[in-house]
Amino acid sequence: MSPNLFGTTAAVISEASQTPDLKVKSNGSSTSYLNNKENNKKYPWKIVWRNVIAFLYLHFGALYGLYLFFDGAKFLTVLWTILVACSAAVGITAGAHRLWCHRAYKAKWPLRVILMIFQTTAFQNHLYEWVRDHRVHHKFTDTDADPHNAKRGFFFSHMGWLLLRKHPDVISKGASVDMSDLDSDPVVVWQRRLYIILMPLFCFVIPAWIPCYFWDENPMNSWSISATDNVRVALGAFGEGWHNYHHVFPWDYKAAELGDYSVNFSTAFIDFFAKIGWAYDLKTVPLEMIEKRAKRTGDGTRIEHDDSENHHEGAIWGWGDKDMHQEDIEMVHIINSQPNEKSKLF
């Protein structure tokens, strides 16, 4: 997910009141969703020009900031920008994605506040909206209800979806996704309420002010590098590259079957805070569960494939989804666990 103007999806006020052209009866399960081609034909693309302008500014600003990396900016400013960018990326991967969206682990309030600040710095909407859109993506992948439906093209799925009004099905199906855990999270509620203040402060003002104040950086250089480049760098994967595995086991805190800390920095971040007790109940997938799933729904390259089950049936958004397989709940491996965690979803 990329940054948006004013911290909301394209023209959120208009979108929130947008009435879907076709009412779809929803039971909250992806298995019952059918793509309606007739609705596809009727849906008009409505460009949100303020987002287009914001994206153009951020991209051109990032290019200029990259130029200043090598001609004009002080070395401390370059290091500071990298630090801010990495923090913002962790706020998305370890925070919005693995902690809040997929509930792959739990965190005590100091870590939750740190991750909330990092995520705010990334300028990718407030946590509530980020999580809702991503849960809908997992439940209704590659359908009109998927906010960044890959069937609408590479550009749309990566950036174009942020420049257009949402498809009506995204709104109607989004209402069926359980968000009660975020409604009861005071950190999420507080950030959502004050996002219009917090986002400019943490994303632009503080990153640009610190180089000017502490090592007398040129204000224009500081703004061009610290306040625009960190948004671009924050889009790095930081260990989120195992897409197919992640869609099968979205609740794995590593978001990967293979790999080490060299390509999965977010896992190293979570493991560090698990060591000091701030992160706990880290959920991961044992080898036997992977082999069973590969046999049942894989493509046959790893283990003999049983074609009796549809690959997309029972899609879930993470730990706590009501469509989660009981077998997954019983076989999950939990690191730094607390008592009775396996017996409850919430």
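**Labels and their reasons**

Colleague: Which residues does I270 touch, if we leave out those up to four places away in sequence?

Modeller: In this predicted model, I270 touches A94, R98, Y105, Y253, A279 and L282 once those sequence neighbours are set aside. I270 is also among the residues with the most contacts inside the largest nonpolar core, together with W100, Y105, L115, F269 and A279. That core has 30 residues, and the elements giving two or more residues to it are α4, α5, α6, α10 and α14, with α4 giving the most, 8 residues.

Colleague: What makes another group, the one that includes W251 and V285, a second core?

Modeller: A nonpolar core has to be joined through side-chain atoms within 4.5 Å, and the group of 10 residues that includes W251, V285, W319 and V332 is separate from the largest one, so it counts as a core of its own.

Colleague: Why is F123 called buried or exposed?

Modeller: The relative accessible area of F123 is 4%, and buried means under 20%, so F123 is buried. F123 is found in the loop between α5 and α6, and its phi is near 60°, a positive value in a residue other than glycine.

Colleague: Why does D216 count as buried or exposed?

Modeller: D216 has 60% relative accessibility, and exposed means over 50%, so D216 counts as exposed. D216 is found in the loop between α10 and α11, and D216 too has a positive phi, of about 55°, although it is not a glycine.

Colleague: And why is I171 called partly exposed?

Modeller: The value for I171 is 24%, which is neither under 20% nor over 50%, so I171 falls in between and is called partly exposed. I171 lies in helix α8.

Colleague: How do you know that α10 falls short of a straight helix?

Modeller: The expected span is 1.5 Å times one less than the number of residues, and for the 30 residues of α10 a straight helix would reach 44 Å, whereas the end C-alpha atoms are only 36 Å apart. There is also a kink of about 85° in α10, centred on Y195.

Colleague: What makes D185 a cap for the N-terminal end of α10?

Modeller: A side-chain oxygen of D185 lies 2.9 Å from the backbone nitrogen of V187, and a polar contact needs N or O atoms within 3.5 Å, so this pair meets the distance limit.

Definitions and conventions: Residues numbered from 1 in each chain as written. Predicted model: local features only at pLDDT ≥ 70, side-chain atom pairs only at ≥ 80, totals over all residues. Heavy atoms only, no water. Buried < 20%, exposed > 50% of the residue type's maximum accessible area, 1.4 Å probe, protein only. Helix = DSSP H or I, 4+ residues; strand = E, 2+ residues; numbered from the N terminus. Contact = heavy atoms within 4.5 Å. Bend = angle between axes of the 7 residues up to and from the residue. Polar contact = N/O pair within 3.5 Å; in protein donor to acceptor, adjacent residues only side chain to side chain.
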